[in-house]
Amino acid sequence: TGQIPEIGNMISPMHFPVLLCGFICGAPYGALVGLILPPVRFLLFQMPPLYPVGLAMAFEMATYGLVSGLVYSRVQHNIKGIYLSLVPAMIVGRIVWGIAQVILMGLSGGSFQAFIAGALINAVPAIVLQLILIPLIIAALQKAKILK
């Protein structure tokens, strides 16, 4: 998606491995992978720009990995538990991203509108894909007895 940023912005491909890592490996690893993935991707592909986008994404994705892993470790490992872990991770991660954006860039009327567009409106395809694919992947791993 690096060659076509519009597609990357629309489907948020870095979010998938971080969320999956939180579910599969647990909160500490999910948070670590989320924190280092944007800078590593920048080093490899020069995208996303490290400041402010990559830095805000690092906090957002660390939150995804942390929250998905923490909540999933405390719920039943069924489809309901997957969603009970996934949805809060997605919400809290976007809130952390917004807070990081405010801290890194300040808040003006235009940046608040950009936050809403980036966190919600532009992210709808990614949100839908995550809500469909992450539970399917986790359920398939459980069915294959790769996950407990």
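Residue Y72 belongs to helix α4 (residues 50-72), where helices are DSSP runs of H or I with at least four residues, numbered from the N terminus. The model is predicted, so local features need pLDDT of at least 70 and side-chain atom pairs pLDDT 80 or more, whereas totals for chains, interfaces and linings use all residues. Residues are numbered from 1 along each chain as its sequence is written, and side-chain values use heavy atoms, without hydrogens and water.

Y72 is buried because its relative accessibility is 3%; buried means under 20% relative accessible area, exposed over 50%, and partly exposed in between, with a 1.4 Å probe and protein chains only. The C-alpha atoms of Y72 and L84 lie 7.7 Å apart, at a separation of 12 residues along the chain.

The largest nonpolar core, a set of buried Ala, Val, Leu, Ile, Met, Phe, Trp, Tyr and Cys residues joined through side-chain atoms within 4.5 Å, has 21 residues, and L19, F23, L86, I134 and I138 have the most contacts inside it. Two or more residues of this core come from each of α2 (15-25), α4, α5 (79-105) and α7 (124-143).

Contacts (heavy atoms within 4.5 Å) of two residues are tabulated below, leaving aside neighbours up to four places away in sequence.

| Residue | Contacts (within 4.5 Å) |
|---|---|
| Y72 | F23, H77, G81, I82, S85, I138, Q142 |
| L19 | Y64, S68, L86, A89, Q130, I134 |

Elsewhere, V40 is found in helix α3 and is partly exposed, with a relative accessible area of 37%.
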